[in-house]
Amino acid sequence: MNKKNFISSNDLFLFKKSFKNIDKIVQDNIFYYKKNVCLRKKKYKKNNFEKDFHKHFFSKKNFNSNLSYKPIRYVRSSCFIKKLKELIYGKFFPEIFLDVHGMNTSQTKVELANLFTICYEKKISYISIIHGHGKEILKKQIPFWLSNHPDIVAFHEAPRFSGKSSSIFVIIDI
């Protein structure tokens with residue numbers, strides 16, 4: 001049996017006869033308008049602007065007097081103390097987690113800015129930032145950066161059941 005002849009000559013004749021009057025397909029070209037590209041660029045610029053906006057607050061060097069380090073906690077004003085207590089006792093559970101351990105400070109600032117952008121888009125107000133133990137550089141810097149952000153209502157070291165000293169629970173005012 002020859003490998004080239006899979007189809008009998010009679011079947012081949014019928015096939016050619018049935019497809020005799022059919023033309024070959026012409027490849028169509030799809031053209032994209034620049035209008036869509038411009039909209040994408042504007043949206044990209046808007047997202048970058050929002051990220052830079054949030055990143056700006058993490059570069060401030062002003063010390064906030066409402067920040068305490070043992071345990072790590074912060075309240076924007078005295079009217080939010082009740083929310084801080086609820087956060088301490090674990091009544092709020094974070095809706096989104098950000099794991100930054102293993103990153104350096106500049107990468108962490110970018111990720112925090114991205115996190116706040118996502119939180120505003122999706123209306124998320126309870127977050128958890130996992131910074132890990134390590135050399136405790138991020139453990140000292142993250143609360144300082146968060147205390148400078150105007151939209152942070154309160155934050156506290158995570159309760160014992162969810163990481164204690166290696167993460168922070170944050171409430172954002174949206």
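This briefing covers helix H4, the residues just after it, and the cysteines. The model is predicted. H4 runs from 105 to 122. Serine 125 sits in the loop that follows, ahead of strand E4 (126-130). The disulfide count is zero.

**Helix H4**
- H4 has 18 residues, and its end C-alpha atoms are 26 Å apart.
- At 1.5 Å a residue the expected span is also 26 Å, so the two values agree.
- Buried residues in H4 are Thr108, Leu112, Ala113, Asn114, Leu115, Phe116, Thr117 and Cys119.
- An α-helix has 3.6 residues a turn, so residues three or four places apart point the same way.

**After the helix**
- Lysine 123 comes just after H4 and has a positive phi of about 60°.
- Serine 125 lies in the loop between H4 and E4.
- Serine 125 counts as buried because its relative accessibility is 18%, and the cut-off for buried is under 20%.
- Beyond its neighbours within four places in sequence, serine 125 contacts Glu95, Val170, Ile171, Ile172 and Ile174.
- Serine 125 and isoleucine 152 are 27 residues apart in sequence. Their C-alpha atoms are 9.4 Å apart in space.

**Cysteines**
- Cysteine 119 is buried, with a relative accessible area of 0%. This residue is part of H4.
- Cysteine 79 is exposed, at 59% relative accessible area. The cut-off for exposed is over 50%.
- A disulfide needs a pair of cysteine sulfur atoms within 2.5 Å. By this rule there are zero disulfides.

How values were computed
Residues are numbered from 1 along each chain as its sequence is written. This is a predicted model: local features need pLDDT of at least 70, side-chain atom pairs count only at pLDDT 80 or more; totals for chains, interfaces and linings use all residues. Side-chain values use heavy atoms; hydrogens and water are left out. Buried means under 20% relative accessible area, exposed over 50%, partly exposed in between (1.4 Å probe, protein chains only). Helices (H or I, at least four residues) and strands (E, at least two) are DSSP runs, numbered from the N terminus. Contact means heavy atoms within 4.5 Å. The expected span of a helix is 1.5 Å times one less than its number of residues.
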